[in-house]
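I opened this entry to look up how the chain folds, beginning with burial and ending with the sheet and what packs on it.

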Amino acid sequence: MAYRARSFNLSGLTGISDKTLEMHFKLYEGYVKSTNTLNEKIQEFLKDGKVDQEETPGFSEIKRRFGFEYNGMVLHEYYFENLKKQGRGDPERESTFHKAAKADFGEYKVWKADFVSTGQMRGVGWAICYLDPKGHLSNHWINLHEEGNIAGYQPILVMDVWEHAFLLDYKPAERGKYIESFFENVDWDKVEARIGSAKLKQKAA
Ligand SMILES: [Fe+2]
């Protein structure tokens with residue numbers, strides 16, 4: 001099975017230039033391509049129905065790289081999906097997200113301080129707000145693309161903080177400005193929809 005790169009209509013965001021987005025879409029397409037290539041290589045190893053001893057080092061390397069490339073593909077899709085032109089800085093007070101943030105963090109602004117500070121952490125990766133299996137919001141740092149994702153947690157809001165996400169628009173030390181811009185463009189309706197579908201899945205489980 002091959003994955004296809006999706007397209008996202010995001011030109012005209014606030015504080016994140018079209019140039020950055022074009023470059024970022026190309027990078028994303030690279031992850032889709034690499035994920036497909038790794039899958040093909042795994043199929044080749046398995047063509048005779050087994051992994052021979054001399055194939056083990058190559059097979060292992062591909063399996064390890066798969067988590068990086070696959071998460072690189074999927075996390076970019078979550079990220080682009082939760083952005084939109086003329087987004088809103090913060091969610092409506094009556095939204096499920098706002099209420100959940102208040103319930104789990106005391107106040108929405110405390111949730112936001114936690115999320116923003118997670119995104120400010122030194123290193124290359126992502127800040128992700130998940131819904132945990134009990135229905136609570138939980139913010140996490142993901143190193144690279146694959147270290148720190150938690151099994152069973154559903155991504156609700158995903159923010160890329162690799163430098164490529166903002167370097168054409170901001171200096172490396174200005175990650176905070178990029179994070180402010182990120183919030184200007186969040187599609188909170190998408191976030192609401194993700195909470196809804198995650199809760200449906202939890203009910204069904
Ligand atoms: Fe990225």
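I looked first at burial: 43% of the 205 residues of the protein count as buried, meaning under 20% relative accessible area with a 1.4 Å probe and protein chains only. I note that this is a predicted model, in which local features need pLDDT of at least 70 and side-chain atom pairs count only at pLDDT 80 or more, whereas totals for chains, interfaces and linings use all residues. Residues are numbered from 1 along each chain as its sequence is written, and side-chain values use heavy atoms, with hydrogens and water left out.

Next I checked the overall build. I find 6 helices and 3 strands, which are DSSP runs numbered from the N terminus (helices H or I, at least four residues; strands E, at least two), and from the N terminus on they run α-α-α-α-β-β-β-α-α.

Then I turned to the sheet. The 3 strands form an open sheet in the order β2-β1-β3 with antiparallel pairing, where two strands pair if DSSP finds at least two bridges between them. β2 (137–143) and β3 (154–160) each have a single partner strand, so one side of each is left without a neighbour in the sheet. I see β1 (residues 125–131) and β2 joined over 7 bridges in the antiparallel sense, and Tyr130 stands opposite Ser138 in β2.

Last, I looked up the packing: helix α2 (residues 56–81) touches β1, β2 and β3, with contact meaning heavy atoms within 4.5 Å, while helix α6 (residues 188–204) packs on the sheet by touching β1 and β3.

Key: Axes are lines fitted to C-alpha atoms, for helices over the stretch in contact, and angles run from 0 to 180 degrees between N-to-C directions. Buried means under 20% relative accessible area, exposed over 50%, partly exposed in between (1.4 Å probe, protein chains only).
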